[in-house]
Amino acid sequence: MKENKMRCPHCGRCIGVFVASDGQNSIAKVYKSKPTQIGLKQHIFETQCPRCKEIISVVMGFEN
């Protein structure tokens with residue numbers, strides 16, 4: 001199992017832990033703004049950082 005701490009790109013605070021059973025193909029990335037293109041097996045979630053209150057985009061899914 002792969003654990004990856006997701007951190008806010010604005011303030012650096014940990015916003016969550018991504019736990020994946022498939023450590024080689026799974027991804028979890030945090031962006032300041034919504035990405036324009038993502039893969040077919042990926043989803044975008046928009047959330048607010050609890051510390052700095054900035055809107056961030058989290059992309060989770062599998063690589064092609």
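## The first hairpin

Strand β1, covering residues 2-7, is joined to β2 by six bridges, and the two strands run antiparallel. If you want a landmark for this pairing, look for Glu3, which stands opposite Val19 in β2. β1 and β2 form a hairpin with six residues between the strands, and within this hairpin Gly12 takes a positive phi near 85°.

Before going further, please keep in mind that this is a predicted model. The confidence figures come up again at the end of this report.

## The chain as a whole

What does the chain use to build its fold? It has five strands and zero helices, so a walk along the sequence reads β-β-β-β-β, and the radius of gyration is 12 Å, close to the 11 Å that the globule rule gives for 64 residues, which makes the chain as compact as a globular protein of that length. Along the principal axes, the C-alpha atoms fill a box of roughly 30 × 25 × 10 Å.

Buried residues account for 27% of the 64 residues in the chain. Taking contacts between residues at least 6 apart in sequence, 41% of them link residues that are at least 24 apart.

## The three-stranded sheet

Which strands form the open sheet, and in what order? There are three, arranged as β3-β5-β4 with antiparallel pairing. β3 and β4 are the edge strands, each pairing on one side only. On average, neighbouring strands of this sheet are turned by 20° against each other, with direction ignored.

Within this sheet, β4 (residues 42-48) pairs with β5 over seven bridges, in the antiparallel sense. One pair to pick out on your screen is Glu46 and its bridge partner in β5, Ser57.

## The turn between β4 and β5

β4 and β5 also form a hairpin, with six residues between them. Lys53 is found in the loop between these two strands, and its phi is worth a look: the angle is positive, at about 65°, although Lys53 is not a glycine. Most residues other than glycine have a negative phi.

## The nonpolar core

Which residues make up the largest nonpolar core? There are nine in all: Met6, Cys8, Phe18, Ala20, Ala28, Val30, Cys49, Ile56 and Val58. Three elements, β2 (14-20), β3 (26-31) and β5 (55-62), give two or more residues each to this core.

Two of the core members make good starting points for a closer look. They are Ala28 and Val58, whose C-alpha atoms are separated by 7.0 Å even though the residues are 30 apart along the chain.

## A closer look at Val58

Val58 sits in strand β5. Is Val58 buried or exposed? With a relative accessible area of 6%, it falls under the 20% cut-off and therefore counts as buried.

Leaving aside neighbours within four places in sequence, Val58 is in contact with Met6, Ile15, Lys29, Val30, His43, Ile44, Phe45 and Thr47. For one of these partners, His43, the C-alpha atoms lie 8.2 Å from that of Val58, with 15 residues of separation along the chain.

## Ala28 and Ser26 in strand β3

Ala28 has its place in strand β3. Its relative accessibility is 13%, so Ala28 counts as buried. Not counting residues up to four places away in sequence, Ala28 touches Asn4, Met6, Phe18, Val59 and Met60.

Ser26 lies in strand β3 as well. What is the relative accessible area of Ser26? The value is 7%, so Ser26 is buried. Beyond its neighbours within four places in sequence, Ser26 is in contact with Lys2, Phe18, Ala20, Gly61 and Phe62. Phe18 thus appears in the contact lists of both Ala28 and Ser26.

## How confident is the prediction?

The chain has a mean pLDDT of 86, and 94% of its residues reach 70 or more. Confidence is highest in β4, with a mean of 91, and lowest in β1, with a mean of 84. As a reading tip, where pLDDT is low, the predicted coordinates should not be read in detail.

Notes:
Residues are numbered from 1 along each chain as its sequence is written. This is a predicted model: local features need pLDDT of at least 70, side-chain atom pairs count only at pLDDT 80 or more; totals for chains, interfaces and linings use all residues. Side-chain values use heavy atoms; hydrogens and water are left out. A nonpolar core is a set of buried Ala, Val, Leu, Ile, Met, Phe, Trp, Tyr and Cys residues joined through side-chain atoms within 4.5 Å. Buried means under 20% relative accessible area, exposed over 50%, partly exposed in between (1.4 Å probe, protein chains only). Helices (H or I, at least four residues) and strands (E, at least two) are DSSP runs, numbered from the N terminus. Two strands pair if DSSP finds at least two bridges between them. Contact means heavy atoms within 4.5 Å. pLDDT is the predictor's confidence in each residue, from 0 to 100. Axes are lines fitted to C-alpha atoms, for helices over the stretch in contact, and angles run from 0 to 180 degrees between N-to-C directions. The radius of gyration is taken over C-alpha atoms; the globule rule is 2.2 Å times the number of residues to the power 0.38.
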